[in-house]
Amino acid sequence: MSKPTKYIARLPDASGSIEYPQDEHDIWQELYSRQLVNLPGRACQAYLDGLERLALPSDRIPQLSEIDRVLKETTGWKTAAVPALISFGKFFELLANKSFPVATFIRSREELDYLQEPDIFHEVFGHCPLLTNPSFAHFSHLYGQLGLAASKEERVYLARLYWFTVEFGIIRAENNKLSIYGGGIISSPGETLFVMGNEPEIREFDLVDVMRTPYRIDIMQPIYYAINSISELDSIAEMDIMGAVKKAQQLGLFAATYPAKAG
């Protein structure tokens, strides 16, 4: 999570407010309006319910205090303004304290469809609606606690769990209908449409398999793992997650299903 980035987070003033230039509000508005068209019938109901609760502004980047009011009322969470990228240690510490990190910058127009770094649209629009859901909030809290206590080597395997759930998780209902709950998909106009196509492989969620699956952050995902409902995150939270980490370490990674990154 800690590598060079071209983006610089905007800092709050003495009152805690962050001023964004109009062109950045315009990018938010464009992203927001595009996803409001893309998400019905694709995003899971728990996400759509959370989006309604948050009542995010469509024409401007919201202040974090606006989001905090709703999160505190629903699940006791809040946001934390952070730079573009933070260390694993800081990330786990925040989650363990029910604080969700939000990088206070927004992507450029050149990276409108897909962004490697987590910007404020990704964090707020992609993740915060589901933080109003008790199952998702509990899973995120437990994940932070586990990560905080884990070794550097174990955190690499935990990162894959987060990637294939919170970031790129999907739900496959009994009627085989797919819906999205991962914020990495929900905040990406391109990936929202891609995941519903015929190209990616959808696998049933298996904790050890998830931790053995390599991924790249700079491409559309070739593999997604599906759970049956958002409440299944409660069942996953009750599993021996660190035991699964040890088993995955012993078994090793699956072969990558994507080409190696050039250079």
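Select Ile171 first: Ser179, in strand β4, stands opposite Ile171. Bear in mind on this tour that the model is predicted.

**The sheet**

Now select strand β3, residues 170–172, together with β4. These two strands pair in the antiparallel sense, over three bridges. Strands of a sheet pair through backbone hydrogen bonds, either parallel or antiparallel. Widen the selection to the open sheet of four strands, which runs in the order β4-β3-β6-β5 and has mixed pairing. At its edges are β4 (178–180) and β5 (201–204), each of which pairs on one side only. From one strand to the next the twist averages 40°.

Stay with β3 and β4 and pick Asn176, in the loop between them. Asn176 is not a glycine, yet its phi is positive, at about 70°. Is Asn176 buried or exposed? With 52% relative accessibility, Asn176 counts as exposed, because the cut-off for that word is over 50%.

Compare this stop with Lys98, which is found in the loop between α4 (88–96) and β2 (99–103). Lys98 is another residue other than glycine with a positive phi, here near 55°. Its relative accessible area is 31%, so Lys98 is partly exposed.

**The nonpolar core**

Hide the loops and select the largest nonpolar core, which has 86 residues. Tyr47, Leu56, Phe125, Leu161, Tyr181 and Met211 are the residues with the most contacts inside this core. Which helix gives the largest share of the core? That is helix α7 (residues 152–167), with seven residues. In soluble globular proteins, nonpolar side chains tend to be buried together.

Centre the view on Phe125. Leaving aside neighbours within four places in sequence, Phe125 is in contact with Tyr32, Gln35, Leu39, Tyr47, Leu51, Leu56, Ile120 and Ile186. Tyr47 and Leu56, in that list of contacts, also belong to the core residues named above.

**His122 in helix α5**

Next, select helix α5 (residues 120–127), where His122 has its place. His122 is buried, with a relative accessible area of 9%; the cut-off for buried is under 20%. What does His122 touch, not counting residues up to four places away in sequence? The residues are Arg107, His127, Glu167, Gly183, Gly184 and Ser187.

**Helix α12**

Move on to α12 (241–251). Colour its residues Ile241, Met242, Ala244, Val245 and Ala248, which are buried. Look down the axis of α12: the buried residues fall within an arc of 150°, so they line one face of the helix. To see what covers these buried residues, show α6 (134–149), α7, α10 and α11 (232–238), which are included in the cover. After α12 comes Gly252, with a positive phi near 85°.

**Salt bridges**

The last stops are among the 11 salt bridges that the structure holds. Side chains of opposite charge can pair when their charged atoms come close.

Select Arg109 and Glu30. They form a salt bridge in which the closest N and O atoms are 2.5 Å apart. Arg109 lies in the loop between β2 and α5, and Glu30 in helix α1 (residues 22–38), so the pair ties together parts that are 79 residues apart in sequence. Arg109 counts as partly exposed, at 43% relative accessibility, and Glu30 also counts as partly exposed, at 28%.

Return to the edge strand β5 (201–204) and select Arg203 and Glu201. Their side chains meet in a salt bridge, at 2.9 Å from N to O. Arg203 is partly exposed, with a relative accessible area of 22%; Glu201 is partly exposed too, with 38%.

Finish with Asp218 and Lys261, whose side chains meet in a salt bridge at 3.6 Å, N to O. This pair links distant parts of the chain, 43 residues apart: Asp218 is in the loop between α10 (207–211) and β6 (223–227), and Lys261 is in the segment after α12. At 21% relative accessibility Asp218 counts as partly exposed, whereas Lys261, at 53%, counts as exposed. Add Arg216 to the selection: salt bridges that share partners join Arg216, Asp218 and Lys261 into one network.

Notes. Residues are numbered from 1 along each chain as its sequence is written. This is a predicted model: local features need pLDDT of at least 70, side-chain atom pairs count only at pLDDT 80 or more; totals for chains, interfaces and linings use all residues. Side-chain values use heavy atoms; hydrogens and water are left out. A nonpolar core is a set of buried Ala, Val, Leu, Ile, Met, Phe, Trp, Tyr and Cys residues joined through side-chain atoms within 4.5 Å. Buried means under 20% relative accessible area, exposed over 50%, partly exposed in between (1.4 Å probe, protein chains only). Contact means heavy atoms within 4.5 Å. Two strands pair if DSSP finds at least two bridges between them. Axes are lines fitted to C-alpha atoms, for helices over the stretch in contact, and angles run from 0 to 180 degrees between N-to-C directions. A salt bridge is a side-chain nitrogen of Lys or Arg within 4 Å of a carboxyl oxygen of Asp or Glu. The arc is that of the directions from the helix axis to the C-beta atoms.
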